[in-house]
Amino acid sequence: MNLHEYQAKRLFADRGVPVPKSQPADSVGDAVAAAEVLGGDRWVIKAQVHAGGRGKGGGVKLVDSFAALRDEAARLLGSRLVTPQTGAAGLPVHQVLVEQPTEIARELYLSVLIDRRSERLTFLASDAGGMDIEAVAASEPRRIIRVGVNTAAGLQAFQCRYIGFRLGLEGRQSRQLQQIMFALQGLFLDSDASLIEINPLVVTSGGDLLALDAKLHLDDNALYRHADLAALRDPTQEDAREAAAAEHRLNYISLDGDIGCMVNGAGLAMATMDLVKLHGGEPANFLDVGGGATAERVAEAFKLILSDDKVAAVLVNIFGGIVRCDLIAEGIIQAVRESGVAVPLVVRLEGTNAEQGLALLNTSGLDLLAEQDFDSAAEKVVRAARGESK
Ligand code: GDP
Ligand code: MN
């Protein structure tokens with residue numbers, strides 16, 4: 001789960017990570033009120049969406065009058081912001097952050113994440129802040145400084161000084177960096193984060209470090225122990241189908257292809273996507289209905305897949321281990337009758353009571369292809385999606 005910049009900055013401020021004074025607003029009037037509270041006659045107004053690259057997409061603007069602030073707030077609020085990270089549809093802007101402007105001397109990069117290879121918290125830093133860090137890593141890898149944290153000992157002061165030295169920071173700035181890094185380590189561990197990123201971490205014209213941007217990713221699997229953080233979820237920023245799936249405890253991920261896949265078990269789902277691709281097809285989604293695939297969950301999964309306009313054919317691939325295939329077949333028949341599947345449907349059943357399940361499907365009078373063989377089911381659905389004869 002992602003947080004908005006304004007939410008992450010609050011968590012930063014609570015830990016003593018320096019951030020500019022700012023206030024979120026969800027209407028033009030509130031934006032003006034926020035600017036009045038902040039004072040001064042210039043502000044930065046920033047669209048709050050779960051994506052970076054907002055600067056490039058026109059989502060970060062410096063304004064120097066209340067009139068200009070109003071104009072920008074009116075333009076952004078209620079619009080969809082397209083950035084290099086959002087895709088063409090963009091993300092809806094329901095809030096803006098009004099912030100005191102900062103005079104920037106240098107833009108740095110600082111993040112902390114779990115490096116799965118070394119199985120450690122790892123800090124990344126760079127003097128190439130404000131840019132796309134992946135691009136820097138690809139073209140100038142030496143500008144990325146990487147420091148692994150020993151899990152038992154935790155972050156050490158010398159590691160902070162090393163990064164400060166490599167970034168060319170002076171004594172006071174290096175001490176500020178150390179304070180920021182320790183605060184980030186604490187926040188990361190206490191919130192079960194998977195990534196905290198400050199891009200840019202700036203050196204102000206006054207010579208102090210300041211977190212100008214804030215990105216915080218939380219580990220969904222640990223959210224159950226952070227009710228306060230879970231409450232910060234903004235479903236408007238998430239894929240609607242993925243959010244609906246999460247509600248029904250279905251494991252669903254949108255993909256770009258046109259073959260809807262419904263499978264029980266993540267391993268079988270991966271194998272199904274592999275076989276679909278092997279036959280020249282592209283999956284529209286990954287969907288694991290889980291071990292306890294009941295008729296209701298199958299019905300919900302169908303709705304989810306069919307709500308995607310891209311889907312040109314559906315492959316259901318169920319292995320009956322604990323679940324019985326005849327019960328799944330009944331669930332499929334019920335779901336197809338209720339939601340009326342307008343695209344070709346291939347159902348592969350194998351395992352416990354597979355024969356009974358297939359017989360039910362074949363005598364249901366529904367327009368579907370029942371299969372017991374995995375490979376030919378995948379081949380048939382690929383051909384069906386292309387509009388080729390059955
Ligand atoms: P992102 O594009 O979504 O990563 O949004 P950021 O919060 O990182 O802002 C993008 C860029 O806008 C930053 O890299 C800065 O160069 C610039 N920017 C943001 N806030 C200020 C500010 O207060 N003063 C100045 N001079 N530039 C700013
Ligand atoms: Mn940024």
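1. Let me start at Arg 249, which is exposed, with a relative accessible area of 66%. That counts as exposed because the cut-off is over 50%. Arg 249 sits in the loop between helix H8 (240–247) and strand S13. Its phi is near 55°, a positive value in a residue other than glycine. Keep in mind as you look at this spot that the whole thing is a predicted model.

2. Asn 353 makes a good companion to that point. Its phi is near 60°, again a positive value in a residue that is not glycine. You'll find Asn 353 in the loop between strand S17 (345–351) and helix H12 (354–362). Asn 353 is partly exposed, with a relative accessible area of 24%.

3. One more backbone item to look at: the peptide bond running from Asn 199 to Pro 200 is cis, and its omega is near 10°. Pro 200 belongs to strand S10 (residues 193–204).

4. Just past the Arg 249 loop comes strand S13, so to speak the next stop. Which strand does S13 pair with, and in what sense? Strand S13 (residues 251–254) pairs with S15 in the antiparallel sense, over 4 bridges. If you want a residue to click on, Asn 251 has Asp 288 of S15 as its bridge partner.

5. Strand S15 (residues 285–288) is worth turning around on screen, as both of its faces are covered. On one side you have Asn 285 and Leu 287, on the other Phe 286 and Asp 288, and all of them are buried. So Asp 288, the bridge partner of Asn 251, is among the residues counted as buried, meaning under 20% relative accessible area.

6. Now for the aromatics. How many aromatic pairs does the structure hold? There is 1. The rings are those of Trp 43 and Phe 66, with centres 4.8 Å apart and planes at 45°, so the pair counts as tilted. Trp 43 is in strand S2 (residues 43–47) while Phe 66 is in helix H3 (residues 66–76), so the pair ties together parts that are 23 residues apart in sequence.

7. Are the two partners buried or exposed? Trp 43 counts as buried, at 1% relative accessibility. Phe 66 is partly exposed, with a relative accessible area of 34%.

8. While you're at helix H3, have a look at Glu 72, which is also placed there. Glu 72 counts as buried at 17% relative accessibility, because the cut-off is under 20%. Leaving out residues up to four places away in sequence, Glu 72 touches Ile 45, Lys 61 and Val 63.

9. Stepping back to the whole protein: there are 13 helices and 18 strands. The C-alpha atoms fill a box of roughly 80 × 50 × 40 Å along the principal axes. Of the 390 residues, 48% are buried. If you take contacts between residues at least 6 apart in sequence, 67% of them join residues at least 24 apart.

10. Last, the surface and the charges. The protein exposes about 18400 Å², and carbon and sulfur atoms supply 50% of that. On the charge side, there are 39 positive and 52 negative side chains. The centres of those two sets lie 5 Å apart.

Terms used:
Residues are numbered from 1 along each chain as its sequence is written. Chains are lettered from A and ligands numbered from 1 in the order in which they are written. This is a predicted model: local features need pLDDT of at least 70, side-chain atom pairs count only at pLDDT 80 or more; totals for chains, interfaces and linings use all residues. Side-chain values use heavy atoms; hydrogens and water are left out. Rings of Phe, Tyr and Trp (its six-membered ring) pair if their centres lie within 6.5 Å; planes under 30 degrees apart count as stacked, over 60 as edge-to-face and the rest as tilted. Helices (H or I, at least four residues) and strands (E, at least two) are DSSP runs, numbered from the N terminus. Buried means under 20% relative accessible area, exposed over 50%, partly exposed in between (1.4 Å probe, protein chains only). Contact means heavy atoms within 4.5 Å. Accessible areas come from the Shrake-Rupley method with a 1.4 Å probe; for residues, only the protein chains shown count as cover. Lys and Arg count as positive and Asp and Glu as negative; His and the chain ends are not counted. The place of a charge is taken as NZ of Lys, CZ of Arg, CG of Asp or CD of Glu. Two strands pair if DSSP finds at least two bridges between them.
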